[in-house]
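Open the structure in your viewer and keep the selection tool ready. Each stop below tells you what to pick next and what is there.

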Amino acid sequence: CSVPLLPHEHADHWFHLDDARELTGWSHAYARMERSSARQWAREEFGQALLGDERRRSRLVAMAATALTRPAGRVSDVFVNVAEREGAYDLLENACVDADALVAAMGDACARRCAEYPYVFVAVDGTSLTLVDAARAKDFGAVGTYEAGASGLKVINALAVAPNGVPLGCCAMRWWARTRQPKTKPSYARAPREKETQHWLDAIDDSDARLSMHAHATDRKSVV
């Protein structure tokens, strides 16, 4: 604001009551705009997910929008509304919802955004998710050193970036559970398909396929 707010002669705060109401109204309007933008992003990202039922897709879009505005590490922290939380658990536990379908929807949305540029960079990198599994009753594997005994999943992401450095989304993702015991056969003696290298190659191939599918016809030959 180019005009400074001055204290009212009959008040001990630094703005008039009307100014405070305007500030509150602006805050609410900004919150509405933020929620609207989150819903728009969620529809663009997951609105074409093939989940076999429109209700599942609608639930997924709503969950993604909420997670964007309230990110947290636990479902109960993201979805504070009871109905939303129960709906989120129902979708996450639904055997008909395939994680690969979510990744495909996300990757296709990213590829559509990439098609607006003459070229994009795709950064491929790996990470580890450490997850609690003290009884080792879940389908997790070893992360970190084998001696530490931590459990979780290995993940590789392929992040597309525009020429000006703006992230465009995740065009591929791979994850797997590493074995609990180290391989006895040395790495140099194993083929790529027998090593974790294969997951990196798969992420690159997935990215190439999606970018080629959504690239303009004249640009497809240049996708590598």
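Start by selecting F46. Which residues does F46 touch, leaving out those up to four places away in sequence? In this predicted model, they are W41, R57, L60, V61, A64, L102, A105 and M106.

**The cores**

Keep F46 selected and add L51 and L60. These three have the most contacts inside the largest nonpolar core, which has 19 residues. Now colour helix 1 (17-46), helix 2 (54-69), helix 4 (82-92) and helix 5. Each of them supplies at least two residues of this core. Which helix gives the largest share? Helix 2 does, with five residues.

Next, pick C110, A111, A172 and L211. They are among the ten residues of another core, which lies apart from the largest one.

**R113**

Move to helix 5, residues 99-114, and select R113 there. Is R113 buried or exposed? R113 is buried, because its relative accessible area is 17% and the cut-off for buried is under 20%. Show its side chain. A polar atom of that side chain lies 2.7 Å from the backbone oxygen of L168. Now show what surrounds R113. Beyond neighbours within four places in sequence, R113 is in contact with E44, E45, L168 and G169.

**Y117**

Step on into the loop between helix 5 and strand 1 (121-130), where Y117 is found. Y117 counts as partly exposed, because its relative accessibility is 27%, and that class runs between 20% and 50%. Which residues does Y117 contact, aside from neighbours within four places in sequence? They are A162, P163 and L168. Keep L168 on screen: R113 contacts L168 too.

Now add A215 and draw a distance between its C-alpha atom and that of Y117. The two residues are 98 apart along the chain, and their C-alpha atoms are separated by 9.2 Å.

**Confidence**

Finish by colouring the chain by pLDDT. The average is 82, and 81% of the residues score at least 70. Select residues 1-30. Here pLDDT stays under 50, and the model has ten contacts beyond four places in sequence for this stretch. Then select residues 220-224. Their pLDDT is also below 50, with eight contacts in the model beyond near neighbours in sequence. Where pLDDT is low, the predicted coordinates should not be read in detail.

Key:
Residues numbered from 1 in each chain as written. Predicted model: local features only at pLDDT ≥ 70, side-chain atom pairs only at ≥ 80, totals over all residues. Heavy atoms only, no water. pLDDT = per-residue confidence, 0-100. Contact = heavy atoms within 4.5 Å. Helix = DSSP H or I, 4+ residues; strand = E, 2+ residues; numbered from the N terminus. Buried < 20%, exposed > 50% of the residue type's maximum accessible area, 1.4 Å probe, protein only. Polar contact = N/O pair within 3.5 Å; in protein donor to acceptor, adjacent residues only side chain to side chain. Core = buried A, V, L, I, M, F, W, Y, C linked by side-chain atoms within 4.5 Å.
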